[in-house]
Structure formats: C-alpha cells, structure tokens
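Trainee: I would like to go through the terms used for a model and see what stands behind each one. Could we take them in turn?

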Amino acid sequence: MSDRCIFWICCVYFLIYKKLPDVMVNQFERQKEISMIEWPSVQLTAEEQQQAIKLMELAFASVSSFIIDTESSKEKSTLKSKQLFALCHIRVVVTLEGLECSKNLLEKYINLLPSCLQLVLIRARLQNPDSGKLKFSEFEEAITCWPKEVPGVQCIWNQYAEIALNVKRLDLSKELMLRWFDSVWTPQNGASNDMDEMFGLLNLSLYRMLLNDPNEACAAIDRALKVAPPDYYDHCVKEHALFLFTTGLKFKEDASLEDILKSLKGYLAYFWIDSVSQPISRKFIEKIKKPRIQQLVGNILCPISPDSSLINTVLNIWFGPFLLPEKLSSKDELVDFVEAVMEISPCNYQFAMSVCKFLKERSDSTANILYWANVVLVNAIFSAIPTAPECIWVEAGTILGDLMFNKDMSVKFHERAISVYPFSAKLWRSYLNLSRTAGNINGVTEDARERGIILD
C-alpha cells in the first residue's frame with residue numbers, strides 16, 4: 001500500500017510542478033519518505049488547477065478503502081502510510097485551493113486517524129491567524145484531549161511553545177513552560193516512551209533556558225539526543241545544533257575547527273550504525289535463506305555509502321547554505337576543513353558541490369584551489385553507492401564545464417556520466433556543449449542518436 005500512495009502523490013506532484021519531487025529523486029534507490037516533499041505555491045491556469053484537483057480526488061478514491069479500514073491501522077507501517085498520505089493530501093489542497101478549503105478535509109482525516117499527531121498539530125497551527133490577536137485554543141484543546149495512552153503530548157507542548165516564541169510571545173512561552181513543568185514533567189519518569197521522553201527533555205531544556213540556566217538547559221538537550229528514537233533523531237539533532245549555535249555553549253565564535261569536527265563526529269556516534277540502510281536494489285539479499293550465502297553475497301558487493309544528509313543539515317544550521325565557516329581566513333584552513341569533513345563522510349557530494357560553488361564565487365580563488373575542489377567533487381560522486389542521482393551529475397558537469405582549464409577532467413567525467421545514465425538527454429547535451437570546444441560534435445551526436453536521443 002505504501003508504494004501505491006507514493007505513486008499517486010508523485011503523479012499529482014508531477015502534474016503540478018512538471019517534475020518529480022527532488023526528495024524522491026534523491027532517494028531513487030532508497031525507501032521513499034513522502035512526508036519530506038515540499039509543496040511550494042505555484043501559478044497554474046484554471047484548467048491545470050482543475051486537472052490537479054481531479055487527479056488528487058482520483059488518488060484518494062484509489063486508496064480510500066485502505067484509509068477507512070480500521071483493522072489495517074493496527075499495523076504500525078500501515079498506519080504510517082495512511083497518515084503520510086493524509087498529510088500530503090492536505091498539503092496539496094492548501095497549495096491548490098488555499099488554507100480555508102483544507103479545513104474540512106483536515107477534520108475528515110482527524111476523524112479517521114485521531115491518533116495522528118501531525119494532523120492535530122496542523123489543525124492547531126491553522127487556527128492561529130497572522131494578525132496581532134493570536135488564539136491558541138486549538139493547542140489547549142489538543143493538550144487536554146490527547147489520549148494518555150498515545151505518545152505525543154510532549155511534542156504538542158513543544159510545538160505550542162515554539163509557536164509562541166516564533167510570534168515573539170516570550171511571556172506566553174514562560175507561562176507555558178511553567179505550566180508544563182508543574183503539571184506534566186516528572187524527573188523520575190519523564191515519559192512513557194522514547195519519543196515523549198525526547199520531547200520532554202527538549203521541553204526541559206527550553207524551560208531551563210527561559211529561567212536563564214543555560215548549563216542545565218545544555219545538560220537536558222544532551223540527554224534528549226541520547227534517548228532520541230531513530231524516527232526523530234534528525235529532528236533532535238537540528239534542535240541540538242541550533243541550541244549550540246544560538247547559546248554559544250560549546251560552540252563559540254572562537255571555537256577551533258577541531259571543536260566543530262568533534263561536534264559533528266559526536267552526532268554520528270549515535271547515528272552512524274543505523275544510517276546505512278540497504279538500497280532497494282539489494283533487498284534480494286535479505287531473502288537469501290542460508291546465512292553463509294547471504295553473508296557471502298553481501299561481502300562481494302561494494303559497501304553502501306553512509307547518508308550525508310545529517311552532516312549537511314548541521315553545517316547548514318551553523319554556517320549557512322555554503323556549509324563552510326566564515327572564519328576560514330586562509331586557503332590552507334579551507335582545505336584542512338574540507339578534507340576533514342570528507343574524511344568523516346567520503347561520498348558527501350552535496351558538501352563537495354557546495355565547496356565548488358563557494359570557491360567559484362570568490363574572486364581570489366586560484367586555478368589550483370578550483371582544480372582541487374573539482375577533484376574532491378568528482379571523487380565523491382564516483383565513489384557513491386548507490387550512484388548519485390542524475391541531477392547531481394548534471395549539476396556537477398555544469399560546474400566542471402565552466403572551467404576551461406579543467407577540460408580533460410570534464411571530458412572524463414561526462415564519459416562516466418553517460419555510461420551511468422546513457423539515456424539522459426541533459427547529460428548528453430552537456431557533453432555536446434563541452435565537445436564544441438574540442439571539435440568533436442559529430443561523434444557525440446552520433447553516440448547519442450544510437451541511444452535514441454536527438455541533439456539539436
């Protein structure tokens with residue numbers, strides 16, 4: 001059922017934005033997570049809008065019996081698929097028809113899936129207008145009515161306080177955390193499960209910060225990181241990294257690069273083992289019944305590259321979109337930092353690409369430093385398993401092609417790229433543009449035509 005939900009959501013997304021979701025493309029050989037799909041506002045004609053609405057209605061009709069079936073909700077994976085489809089459906093309606101039109105649909109889904117925490121949080125946020133007169137009645141109702149046997153109440157308190165802080169209601173945040181501490185938090189038994197324990201400790205950290213006790217706040221958020229369950233570890237890392245950045249504890253402006261790298265490795269200490277999930281193309285290994293043969297096949301195949309998204313998320317929180325500290329005053333420091341990060345995450349092509357873009361924008365970047373950055377990028381892409389998505393190869397080819405002194409590397413890169421994605425029109429066009437300088441247009445055109453691609 002999960003695959004059917006993913007299929008329908010991707011069809012709707014393609015009809016609206018004329019492309020597949022980036023997160024789906026980047027997870028091409030991995031298990032897909034449709035909750036990560038973003039639905040930005042878009043200008044559509046009336047006909048296009050109606051087509052998208054009708055397709056979403058058709059999608060719901062296709063899975064409605066599955067969503068309504070209460071017996072299937074007893075399985076955790078099935079319940080999650082229902083909840084994710086519901087979230088995407090609501091976000092599609094918000095994108096196409098606006099917030100007001102989504103409220104009836106939201107209530108319908110909450111009645112069908114009353115224990116879906118994200119649906120309850122969406123309803124609470126939708127009821128908060130952007131004007132000066134803010135109402136938090138839906139959050140209060142969510143806290144009061146949330147079933148005690150269902151994990152999630154700590155998360156509701158957490159999001160309630162976050163909303164208050166976002167709208168500059170510091171007084172309300174303090175009042176909330178005092179209520180929470182007096183009525184909900186008990187140090188001996190903070191929560192009934194890992195998720196509630198993690199959010200409870202995040203709430204405790206916020207409570208301590210509001211009382212101007214940063215050391216105790218830091219201790220609480222450190223504990224939250226240790227107890228965070230796999231599904232919420234990324235969220236906890238973001239909160240922890242943001243805490244270090246905003247408070248300056250352990251991560252001051254004068255912190256050494258060694259301190260920064262130590263913090264990165266600290267996050268991976270909890271995350272590294274579970275981060276290497278098997279791609280879909282290797283799921284057949286799990287079906288091999290004899291353990292020794294299963295182990296033999298696993299050893300023959302190349303090891304899977306660890307996911308680099310966590311490292312990049314932390315670097316983005318700390319340093320912005322280029323993922324590099326501003327304090328790097330010399331080229332040597334830059335090289336040392338980049339090499340250290342790549343040593344932690346050797347196939348981190350997103351980070352390597354960001355370094356190339358950063359150096360390309362700097363007027364003082366020499367040919368040598370640009371060449372080095374390109375080598376780092378190419379090595380990261382070539383060594384990634386599963387192979388990097390097509391869009392990464394295309395973007396990297398553009399970066400390499402812009403540097404004329406790097407022509408040999410660019411040619412070899414494109415040759416490798418079209419061997420990996422032989423039917424990619426974008427890569428063939430990039431290769432053709434590169435070949436114009438070498439006068440080898442006919443050869444590239446003929447090779448592309450053999451694969452059914454006609455180049456202009």
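The exchange below sets values from this predicted model against the cut-offs behind the terms.

Trainee: How do you know how far the prediction can be trusted, and where is the confidence low?

Mentor: The mean pLDDT is 85, and 91% of the residues reach 70 or more. Over residues 128-133 pLDDT stays under 50, and the model has six contacts beyond four places in sequence for that stretch. Where pLDDT is low, the predicted coordinates should not be read in detail.

Trainee: What makes up the secondary structure of the protein?

Mentor: It comes to 22 helices and zero strands.

Trainee: Why is the protein called as compact as a globular protein of that length?

Mentor: The globule rule gives 23 Å for 456 residues, and the radius of gyration is 25 Å, which is close to that value, so the description holds. Along the principal axes, the C-alpha atoms fill a box of roughly 75 × 60 × 55 Å. Of the contacts with a separation of 6 or more, 63% are accounted for by residues 24 or more positions apart.

Trainee: How much of the protein is buried, and why is Leu-225 counted there?

Mentor: Buried residues make up 45% of the 456 residues. The cut-off for buried is under 20% relative accessible area. Leu-225 has 5%, so Leu-225 is buried. Its place is in helix 11, residues 214-227. Leaving out residues up to four places away in sequence, Leu-225 touches Tyr-233, Cys-236, Val-237, His-240, Tyr-267 and Tyr-270.

Trainee: Is Thr-445 buried or exposed, and how do you know?

Mentor: Thr-445 has 14% relative accessibility and therefore counts as buried. Thr-445 belongs to helix 22, residues 441-450. Beyond its neighbours within four places in sequence, Thr-445 is in contact with Leu-432 and Leu-455.

Trainee: What makes a group of residues a nonpolar core, and which residues have the most contacts inside the largest one?

Mentor: The members must be buried residues of the nonpolar kinds, joined through side-chain atoms within 4.5 Å. The largest such core has 106 residues, and Tyr-267, Phe-337 and Phe-351 have the most contacts inside it. Apart from that core lies another, of 41 residues, including Cys-5, Ile-9, Phe-85 and Ile-110. As for Phe-337, the residues it touches beyond four places in sequence include Leu-257, Phe-319, Leu-323 and Phe-351.

Trainee: What makes helix 18 regular in length, and what does it pack against?

Mentor: Helix 18 covers residues 367-383, 17 residues, and reaches 24 Å from first C-alpha to last, close to the 24 Å expected at 1.5 Å a residue. Its buried residues include Ile-369, Trp-372, Val-376 and Ala-380. The buried residues of helix 18 pack against helix 16, helix 17, helix 19 and helix 20.

Trainee: Why is helix 10 called mostly covered?

Mentor: In helix 10, 13 of the 17 residues are buried. Helix 10 runs over residues 194-210 and reaches 24 Å, close to the 24 Å expected.

Trainee: How do you know that Cys-155 and Cys-218 form no disulfide?

Mentor: A disulfide needs two cysteine sulfur atoms within 2.5 Å. The closest cysteine sulfur to that of Cys-155 is in Cys-116, at 11 Å, so it is too far for a bond. For Cys-218, the closest is in Cys-236, at 12 Å, again too far. Both cysteines are buried: Cys-155 has a relative accessible area of 3%, and Cys-218 has 7%. A search of the whole structure finds zero disulfides.

Trainee: What makes the backbone of Asn-212 and Leu-323 worth a remark?

Mentor: Most residues other than glycine have a negative phi, and most peptide bonds are trans. Asn-212 is not a glycine, yet its phi is positive, about 60°. Asn-212 sits in the loop between helix 10 and helix 11, and at 69% relative accessibility it counts as exposed, the cut-off being over 50%. Leu-323 has a positive phi near 65° and lies in the loop between helix 15 and helix 16. With a relative accessible area of 8%, Leu-323 is buried.

Trainee: Why is the peptide bond from Ile-385 to Pro-386 called cis?

Mentor: Its omega is near 0°. Pro-386 is placed in the loop between helix 18 and helix 19.

Key
Residues are numbered from 1 along each chain as its sequence is written. This is a predicted model: local features need pLDDT of at least 70, side-chain atom pairs count only at pLDDT 80 or more; totals for chains, interfaces and linings use all residues. Side-chain values use heavy atoms; hydrogens and water are left out. Buried means under 20% relative accessible area, exposed over 50%, partly exposed in between (1.4 Å probe, protein chains only). Contact means heavy atoms within 4.5 Å. Helices (H or I, at least four residues) and strands (E, at least two) are DSSP runs, numbered from the N terminus. The expected span of a helix is 1.5 Å times one less than its number of residues. pLDDT is the predictor's confidence in each residue, from 0 to 100. The radius of gyration is taken over C-alpha atoms; the globule rule is 2.2 Å times the number of residues to the power 0.38.
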